[in-house]
Amino acid sequence: MTAFPALGLDTASRFLVALGLEFDEVAGDGVRGRIALGPQHHNPWGVVHGGVHSTVVERAASVGASKAVADRGLFAVGVHNATDVFVTTTGGPALVTAHPVFQGDLQQVWSVEITAGGGTGPLLARGQLRLQNVPKRAS
């Protein structure tokens, strides 16, 4: 699990912990991470579930986009996720990279790529996430 105290994210849900996405770099202009895909991510046919790719896109873009607006007392929530899976896999290390396509006052759009072999293999999936910048809620 990766916590981001600067974003007010000190804990992650069991769902995100089970996902296993770890971040190496988090900035408002880009995110880099990794995930070890395996049987815990499989669909009934024995390959990584497309929903895993969609979740990785959502998570990577949301963390970067939230970092981009944190100094304004905002965070970013996904409102539209379009993820294409290009290559099925049974598992292995994958590199996750995300970068902003558009960053406005109210919305952002981020692009995310998931590449097999920790970045040396084929492009497994690519997604685009549109996010809404919203105020942090008082706890």
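Strands, as the term is used here, are DSSP runs of E at least two residues long, numbered from the N terminus. Glycine 33 lies in one of these, strand β2. The model is a predicted one, and this residue makes a convenient place to start reading it.

Glycine 33 has a relative accessible area of 0% and is therefore buried. Across from it in the pairing of β1 with β2 stands phenylalanine 23. The contacts of glycine 33, with neighbours within four places in sequence left aside, are Glu22, Phe23, Asp24, Ala94, Leu95 and Val96. Leucine 95 deserves a separate mention: 62 residues separate it from glycine 33 in sequence, yet the two C-alpha atoms are 6.0 Å apart in space.

The strands β1 and β2 run antiparallel to each other and are paired over five bridges. Together they make a hairpin, with two residues between the strands. The one salt bridge of the structure is formed by the side chains of aspartate 24 and arginine 34, with an N to O distance of 2.9 Å. Aspartate 24 belongs to β1 (residues 22-27) and arginine 34 to β2 (residues 30-37), 10 residues apart. In general, side chains of opposite charge can pair when their charged atoms come close. Aspartate 24 has a relative accessibility of 42%, so it counts as partly exposed. Arginine 34 falls in that class too, because its value is 43%.

Beyond β2, the chain passes through a loop that leads to α2, and asparagine 43 is placed in this loop. Asparagine 43 is buried, because its relative accessible area of 18% is under the 20% cut-off. Its side chain reaches the backbone nitrogen of tryptophan 45 at a distance of 2.8 Å. Further along the chain, asparagine 43 is in contact with Val48 and His49, once neighbours within four places in sequence are set aside.

Next comes helix α2, with 20 residues (50-69). At 1.5 Å a residue the helix should span 28 Å, and its end C-alpha atoms are 29 Å apart, so the two figures agree. Of the 20 residues, 14 are buried, which means that α2 is largely enclosed by the rest of the structure.

Two residues show what surrounds this helix. Histidine 53, which has its place in α2, is buried because its relative accessibility is 2%. It touches Val48, Thr83, Val85, Ile114, Leu124 and Ala125, not counting residues up to four places away in sequence. Valine 63 is also found in α2, and its relative accessibility of 2% means that it counts as buried. Valine 63 and glycine 30 are 33 residues apart in sequence, with their C-alpha atoms 9.5 Å apart in space.

The largest nonpolar core brings helix and strands together. It has 26 residues, and the members that touch the most others are Ile35, Val56, Val96 and Ile114. At least two residues of this core come from each of β2, α2, β4 (92-103), β5 (107-116) and β6 (123-135). The most are given by α2, which supplies seven. The surroundings of valine 96 give a sense of how these parts meet: with neighbours within four places in sequence left aside, its contacts are Leu21, Val31, Arg32, Gly33, Ile35, Val56, Ala60, Val112, Glu113 and Ile114. Glycine 33, the starting point above, is thus met again from the other side, with Val96 among its own contacts.

The remaining pairings involve β6. Strand β3 (residues 74-85) is joined to β6 by 11 bridges, and the two run antiparallel. Within this pairing, leucine 74 has proline 135 of β6 as its bridge partner. Strand β5 is likewise antiparallel to β6, and nine bridges join them. Isoleucine 114 stands opposite alanine 125 in β6, and Ile114 and Ala125 are both among the residues that histidine 53 touches. A hairpin is formed by β5 and β6, with six residues between the strands. Glycine 117, in the turn of this hairpin, has a positive phi of about 65 degrees.

Technical notes. Residues numbered from 1 in each chain as written. Predicted model: local features only at pLDDT ≥ 70, side-chain atom pairs only at ≥ 80, totals over all residues. Heavy atoms only, no water. Helix = DSSP H or I, 4+ residues; strand = E, 2+ residues; numbered from the N terminus. Expected span 1.5 Å × (residues − 1). Buried < 20%, exposed > 50% of the residue type's maximum accessible area, 1.4 Å probe, protein only. Salt bridge = Lys/Arg side-chain N within 4 Å of Asp/Glu carboxyl O. Polar contact = N/O pair within 3.5 Å; in protein donor to acceptor, adjacent residues only side chain to side chain. Contact = heavy atoms within 4.5 Å. Pairing = 2+ DSSP bridges. Core = buried A, V, L, I, M, F, W, Y, C linked by side-chain atoms within 4.5 Å.
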